[in-house]
Each structure stands twice: as C-alpha cells, then as structure tokens.
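Subject: Structure handover and notes

Dear colleague,

I am passing on the structure we discussed, together with some notes that I hope you will read alongside it. Please look at the sequence and the coordinates before going through my remarks.

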Amino acid sequence: MKKLIVGNWKMNKSFDEAKILSEQIVALNNAIKPNADLVLCPTFTSLQSVSQAIVDTPVSLGAQNLYPHQAGAFTGEITASMLKDFGAKYVILGHSERRQFLHESDEFINEKVIFAQSNGLMPILCVGETLADREADKTYDVIKQQLLIGINNASPEIVIAYEPVWAIGTGKTATPEIAQEVHAFIRDLLVHQFESNAQNIHILYGGSMKPGNARDLLLQKDINGGLIGGASLVAEDFLAIARAA
Ligand code: PGA
C-alpha cells in the first residue's frame, strides 16, 4: 500500500504563509517525486490559498474538523460541503487536542465520522492514549474504546491515525516496536469490523515524527504513513519524511 503522509498544520500559518509553504511543498514534491501520497490540512482560513497552490498536482487537501450538520444555527462551525467547496478530500476528526481542550466525546466524534463519510469526505480518525493511561496499563482499553465507538456504523472508507498523546509535540516518539504493536492491535480490530477491507485501511502514526525517525517507523508492517504536526510546517522536513516513505 502506498504510504500516506498528512500534514496537520494545526492553528499555524497566515493566509500568505500558507500559500508560500504549500507552494514550496508542491515544488519539492515535483522535484523529489516521493513514493507517497501527500495531504495538507491547513486552517479553514487557508483552505483557499492552499487549494490554489496544489491545483493540478498530486497533493491533496484536508481540513482539521467539521460539524456534523448540513447547515443551520451552529455559530462558529463549518460543514462538509463548505470544505468540499475548496476541494477538500480528507478531514481530521477526534484529534487528541480537540478531545482534551474541547471535550469531544467518542460518540460525538463517531457522529462526525459518519457525517464525513456520507458527505464524501475521507475521515482521518485519531486515537491515542495519554501518559497516565499508558502508565496505568490502559493503553489497549483506551484505544479499543476510542476506535470501536469512533467507527461504529462507519464504512471502511477511513484512515486511522494512532497518536500517543505523550508523543505529540513533545519530541518523544514511540519506538517503532511500541508503535507497531499498537498498529497491529488496531488492524485486528479493523479486521473484526471490516473483514478483508481492513487490509486497505491506512493506519498512520503521529507524534513527533521527524525526518530522523520517520524511516524506522514507516518500515513497520502496519504503519502505513504519518500524521505530521511540527515537522509539516517546514517544507524540507515534510518532504524528507515523504521521501523516507
Ligand atoms: P507533532 O503532532 O508531529 O507535532 O507531534 C502530530 C499531531 O498532533 O498530529
């Protein structure tokens, strides 16, 4: 399966900065031609500038969230068709920062997953344990709950991102062995739900993935790509990760 390398820009980059960064990524991608599919997930306000920069290139567009209703009185929210207006194909859902700071529940995230799928967007569903979960030996319980509720009634048109919360933005990375173990566990749960289709689902690793550690992580059997935060904000680093794939 071709690796999928997704840049999660979080709340970074102005409209103009996003334009420059996406143009740099497109130019490097054309020059290097890595054997990986690239997706950029800028802020909502930069969807337009990024979508213009990547038009007619192999780079795809994603968003960082959506609200699971078609329209209406939902101040501050955004729906799938609005993201698709800019050509978005993917949407990150259930990121740990939204679970932590905005108290999103597994059930609400599941609603978003179903809504994204039924409106033609590919969800990138994030799951991952905190340091406290890991130290209390609850890693697998937490992942199982987040994943099974998250994909309840969903179709296999989905990407999963395993992001141990203790590794996000901390410079600590799960070792390739630790990550592979969790990825294999996720694959088993997906097989249970989706049978043979589970083998085609990308399971991304996220959490301080960098040019220096990407190769060893991406060599693991069930690590099919990366969800990259910090290192996706520098075109050379993002492409170095894609090249490692
Ligand atoms: P990081 O973020 O690469 O900066 O650790 C990953 C993520 O949160 O998606």
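The notes below take up the ligand site, then the nonpolar cores, and then a number of individual residues. Please keep in mind throughout that this is a predicted model.

**The ligand site**

The ligand is surrounded by 13 residues, and the closest of them are Lys10, His95, Glu163, Gly169 and Ser208. Sorted by class, this shell is made up of 7 polar, 4 nonpolar and 2 charged residues. Two side chains place a polar atom 2.7 Å from an oxygen atom of the ligand, one belonging to lysine 10 and the other to histidine 95. From the backbone, an N or O atom of glycine 229 lies 2.9 Å from an oxygen atom of the ligand. Of the 290 Å² of accessible area that the ligand has on its own, the protein covers 96%.

Lysine 10 also appears among the residues touched by glutamine 64, a list that further includes Asn8, Trp9, Thr43, Phe44 and Arg98, with residues up to four places away in sequence left out. Glutamine 64 itself is placed in the loop between β3 (60–63) and α3 (80–84). A polar atom of the glutamine 64 side chain lies 3.0 Å from the backbone oxygen of cysteine 41, and a polar atom of that side chain lies 3.3 Å from the backbone oxygen of proline 42.

**The nonpolar cores**

In soluble globular proteins, nonpolar side chains tend to be buried together. In this model the largest nonpolar core has 61 residues, and those with the most contacts inside it are Ile160, Ile186 and Leu190. The element that gives the most to this core is α8, with 6 residues. Apart from it lies another core, of 12 residues, among them Val6, Val39, Cys41 and Val159. Once its neighbours within four places in sequence are set aside, isoleucine 160 is in contact with residues that include Ile186 and Leu190, as well as Leu125, Val127, Leu147 and Ile151. Its contacts also include Ile201, His202, Ile203 and Leu204.

**Arginine 187 in α8**

Is arginine 187, a residue of helix α8, buried or exposed? Arginine 187 counts as buried because its relative accessible area is 5%, and the cut-off for buried is under 20%. Its side chain reaches the backbone oxygen of isoleucine 201 at 2.8 Å. Apart from residues up to four places away in sequence, arginine 187 touches Met1, Ala198, Gln199, Ile201, Ile203, Asp222 and Asn224.

**Two residues with positive phi**

Most residues other than glycine have a negative phi, and two loop residues are therefore worth a look with that in mind. Lysine 33, in the loop between α1 (15–32) and β2 (36–41), has a phi near 45 degrees, which is a positive value in a residue other than glycine. Glutamate 195, in the loop between α8 (176–194) and β7 (203–206), has a positive phi as well, near 55 degrees. Lysine 33 counts as exposed, at 64% relative accessibility, and glutamate 195 is likewise exposed, with a relative accessible area of 58%.

**Residues in other helices**

Alanine 244 is found in helix α10 (residues 235–244) and counts as partly exposed, at 26% relative accessibility. Not counting residues up to four places away in sequence, alanine 244 touches Ala214, Arg215 and Leu218. From C-alpha to C-alpha, alanine 244 and isoleucine 186 are 23 Å apart in space, with their positions 58 residues apart in sequence taken as the separation.

Isoleucine 149, in helix α7 (residues 139–150), is also partly exposed, with a relative accessible area of 26%. With residues up to four places away in sequence left out, isoleucine 149 touches Asp106, Glu107 and Asn110. Isoleucine 149 and tyrosine 67 are 82 residues apart in sequence, and their C-alpha atoms are 18 Å apart in space.

Glutamate 135 lies in helix α6 (residues 131–135) and is exposed, with a relative accessible area of 64%. The C-alpha atoms of glutamate 135 and glutamate 104 are separated by 23 Å, and these residues are 31 apart along the chain.

With best regards

Notes
Residues are numbered from 1 along each chain as its sequence is written. This is a predicted model: local features need pLDDT of at least 70, side-chain atom pairs count only at pLDDT 80 or more; totals for chains, interfaces and linings use all residues. Side-chain values use heavy atoms; hydrogens and water are left out. A residue is near a molecule or strand if one of its heavy atoms lies within 4 Å of it. A polar contact is a pair of N or O atoms within 3.5 Å; within protein, one must be able to donate a hydrogen and the other to accept it, and residues adjacent in sequence count only if both atoms are side-chain atoms. Accessible areas come from the Shrake-Rupley method with a 1.4 Å probe; for residues, only the protein chains shown count as cover. Ala, Val, Leu, Ile, Met, Phe, Trp, Tyr, Cys and Pro count as nonpolar, Asp, Glu, Lys and Arg as charged, and the others, Gly among them, as polar. Helices (H or I, at least four residues) and strands (E, at least two) are DSSP runs, numbered from the N terminus. Buried means under 20% relative accessible area, exposed over 50%, partly exposed in between (1.4 Å probe, protein chains only). Contact means heavy atoms within 4.5 Å. A nonpolar core is a set of buried Ala, Val, Leu, Ile, Met, Phe, Trp, Tyr and Cys residues joined through side-chain atoms within 4.5 Å.
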